[in-house]
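Colleague: I have a structure here and would like to go through it with you. Can you take a look?

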Amino acid sequence: GAFALALATAVRAALEGRSARADARLARAEAAELGVRNEAALCFETIRALGLEEGLQATWRVARRRRDEEECRASRARSLARGAGLAAGGGTVLLGLAVALEQVEAGALSAGGALAAALVLVIVAGSALRLVDAAGAIHRARPRAKRLASLLLEDPSEESSTGGTDIEPSGLQGFLEFEGVWLRAEGSGTGEWAVRDVSFEAPAGKTLAVAGRCGSGRSALSRLAACLDRPDRGRIRIDGYEPSHLAPHFLRARIARVDGEPRVFRGTILENLAPGEPEPDRRRLERALRIAGFGTVALGLPLGLATVVGELGHRLAPADRQRLGLARALYRDPDVLVLDEATNALEPAEEVGILRALRESRPDLTIVLVSDRVGSLELADQVIVLEKGCVAERGDHRSLLEAHGLYRNLHAHGGGAA
C-alpha cells in the first residue's frame with residue numbers, strides 16, 4: 001500500500017510539472033494575444049486613419065487561435081494532474097483508514113478515535129473535490145472571456161451613425177471641398193474653435209499645402225480632410241459625396257492620413273507594412289518602400305523586412321518610423337493622402353525628394369500637406385495659410401511670398417510649427 005501511494009505521488013508530481021509547463025506556454029500565448037489587443041487600443045487613430053481594421057483582426061485571429069490551442073493542451077494537462085491528485089488523495093484516505101483499523105485491532109486506538117480519523121480524512125477529500133470543481137468552473141468561464149475579448153477589436157464607428165446610404169463608388173477622384181467648416185477644439189470645455197468658417201476646393205490630383213503658426217488649426221483641418229472628425233458646422237464633400245453617405249470601410253480604404261508620430265505595431269517590418277496579409281503584393285510593396293525612402297534602410301538590416309521592430313517600434317529611429325509609417329500608407333494605394341508633418345524628422349531635402357517621387361509615381365493622387373518647410377511648400381499647387389483657425393491667405397508659394405503678408409512673415413521667422 002505504501003509503495004502504491006509513493007508511486008501515485010510520483011506520477012502526480014510529474015503530471016503537475018507537465019501541467020505547469022503547459023500553463024507557461026498558455027501564459028505566453030495569452031500575453032501575445034493581449035499585446036495585439038493593447039496595440040489596437042494604443043494605435044486606434046493609426047488603424048482608423050489607414051483602414052487597417054481587417055488586417056489587424058486577421059493578426060488577432062491568429063494569436064487567438066494559438067492561444068486556444070495552448071489552452072486545450074493546458075486543460076488536458078490540468079485534467080491529468082487533477083486525476084492523479086485525486087488518486088493520490090484517495091490512496092491517502094484508504095491508507096489512513098487501513099492504518100486506523102490496524103491500530104484498533106492492536107488496541108492502540110479506540111473505535112471513537114478511528115471514527116474521528118475517518119471524518120478528518122473525509123473532510124480533506126471533500127475539500128479536494130471542491131477545489132477540483134472550482135477549477136472546472138474557471139475553465140467553463142473562459143469561453144465567456146473569449147467573447148468579451150472579441151468585443152475589444154470591434155469599432156463602433158463601422159456603423160452608419162447618420163443614417164447614411166453607405167455608397168461605395170468604384171473609386172475616388174479625390175476632389176475635396178470645404179464649405180463654411182467649423183470644428184471645436186478637442187477637449188475644449190469652453191467651446192473654443194480649432195477651425196473657423198474654412199472654405200476651399202482641392203482639385204483631384206493636386207497638392208494642397210496648409211501653413212500656419214503653432215495652434216493655428218492645421219492638424220485639426222488635416223483630420224477633417226481625412227474624414228476622421230466631423231465638422232460641427234458646414235459641409236465637407238469628396239467627389240460631391242458627403243462622407244456620411246459613403247460606407248466607412250470604403251472611406252478608410254481610399255483616404256489615408258499619416259502624422260509625425262506614426263504608431264508602429266510589434267512584429268516585423270513586413271507585418272507593419274501589410275498587417276494581416278500572409279502574401280503581400282510585392283509590386284505595391286516595392287513601390288511604397290522606394291517612394292518613402294525606406295527600402296534601402298529596411299533591406300540593409302540583417303533580417304531585412306523580417307526584422308522585428310519591438311513594442312511600438314522602439315528599435316527604429318524616429319526618422320525610420322516615419323518612413324515606415326509613410327510606406328504603410330502608400331501600400332494601401334489611397335486616392336487621397338493627408339500628410340500632417342509626416343516627415344518632419346527627415347532632412348528637408350529628403351522630404352522634397354519623397355514628395356517629388358510621390359507625385360511622379362501617382363500623378364492622380366490628391367495630397368493634403370501640412371508643413372512649414374519652404375522646399376515642400378514650393379511643390380504645392382495651392383497653399384492656404386491658417387491663423388486662429390481661419391483662412392488668412394491663399395495662393396501658390398510664389399504669389400504668397402510676393403504679397404508680403406502672413407505667409408512671408410512666417411518664413412522670415414523660420415516658418416510655422418505643428
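Colleague: Where does D197 lie?

Modeller: D197 lies in strand β2, residues 193–202. Bear in mind that this is a predicted model.

Colleague: And what is the phi of D197?

Modeller: Phi of D197 is near 50 degrees, which is a positive value in a residue other than glycine. Most residues other than glycine have a negative phi.

Colleague: Is D197 buried or exposed?

Modeller: In between. D197 counts as partly exposed because its relative accessible area is 47%, and the partly exposed class ends at 50%.

Colleague: Which loop holds K388, and what is its phi?

Modeller: K388 is in the loop between β8 (382–387) and β9 (390–395). Its phi is near 55 degrees, again positive in a residue other than glycine. K388 is exposed, since its relative accessible area is 64% and exposed means over 50%.

Colleague: Changing topic. How confident is the predictor, on average over the protein chain?

Modeller: The average pLDDT of the protein chain is 77, and 64% of the residues score at least 70.

Colleague: Which elements have the lowest and the highest mean pLDDT?

Modeller: Helix α4, residues 111–151, has the lowest mean, 55. Strand β7, residues 366–370, has the highest, 96. Over residues 151–164 the pLDDT is below 50. That stretch has 23 contacts in the model beyond near neighbours in sequence.

Colleague: Let's stay with β7. Is T366, in that strand, buried or exposed?

Modeller: T366 lies in β7 and is buried, because its relative accessible area is 1% and the cut-off for buried is under 20%.

Colleague: What does T366 touch?

Modeller: Leaving out residues up to four places away in sequence, T366 touches Q173, G174, P203, A204, G205, K206, D335, V336 and L337. With G174 there is also a polar contact: a polar atom of the T366 side chain lies 2.9 Å from the backbone oxygen of G174.

Colleague: OK, on to α8. Which of its residues are buried?

Modeller: Helix α8 covers residues 282–292, and its buried residues are R284, L285, R287, A288, L289, I291 and A292.

Colleague: Why would residues a few places apart in a helix point the same way?

Modeller: An α-helix has 3.6 residues a turn, so residues three or four places apart point the same way.

Colleague: What covers the buried residues of α8?

Modeller: The cover includes α7 (269–273), α9 (295–299), α10 (318–331) and α11 (348–361).

Colleague: And what happens at the two ends of α8?

Modeller: At the N-terminal end, D281 is the cap: one of its side-chain oxygens lies 3.0 Å from the backbone nitrogen of R283. After the helix comes G293, with a positive phi near 70 degrees.

Colleague: How many cavities of 30 Å³ or more does the structure hold?

Modeller: Two. The largest has about 80 Å³ of space, and the second largest has a volume of about 40 Å³.

Colleague: What lines the largest cavity?

Modeller: Its lining is L326, L339, E341, A342, T343, E351, I354, L355, L369, V370 and S371. By type, that is seven nonpolar, two polar and two charged residues. The largest share, three residues, comes from α11. Both α11 and β7 supply at least two residues each.

Colleague: And the second largest cavity? Which residues line it?

Modeller: R287, I291, L330, D333, P334, L358, R362 and L365. Five are nonpolar, none is polar and three are charged. Two names from α8 turn up here: R287 and I291 line this cavity and are among the buried residues of that helix.

Colleague: Last one. Where is A247, and is it buried or exposed?

Modeller: A247 sits in the loop between β4 (233–238) and α6 (248–254). A247 counts as buried because its relative accessibility is 2%.

Colleague: What does A247 touch?

Modeller: D166, I167 and E168, not counting residues up to four places away in sequence. A247 and E168 are 79 residues apart along the chain, with their C-alpha atoms separated by 6.1 Å.

Colleague: Where is D166, then?

Modeller: D166 is in the loop between α4 and β1 (176–184). At 34% relative accessibility, D166 counts as partly exposed. The C-alpha atoms of D166 and P248 are 7.5 Å apart, while the two residues are 82 residues apart in sequence.

Methods: Residues are numbered from 1 along each chain as its sequence is written. Side-chain values use heavy atoms; hydrogens and water are left out. Buried means under 20% relative accessible area, exposed over 50%, partly exposed in between (1.4 Å probe, protein chains only). Helices (H or I, at least four residues) and strands (E, at least two) are DSSP runs, numbered from the N terminus. Contact means heavy atoms within 4.5 Å. A polar contact is a pair of N or O atoms within 3.5 Å; within protein, one must be able to donate a hydrogen and the other to accept it, and residues adjacent in sequence count only if both atoms are side-chain atoms. pLDDT is the predictor's confidence in each residue, from 0 to 100. On a 1 Å grid over the protein atoms alone, a cavity is a set of points where a 1.4 Å probe fits but cannot get out, and a pocket is an open set with protein on both sides within 12 Å along at least five of seven lines; lining residues have an atom within 4 Å of a point. Grid points are joined across faces, edges and corners, and a volume is the space filled by probe spheres set on the points. Ala, Val, Leu, Ile, Met, Phe, Trp, Tyr, Cys and Pro count as nonpolar, Asp, Glu, Lys and Arg as charged, and the others, Gly among them, as polar.
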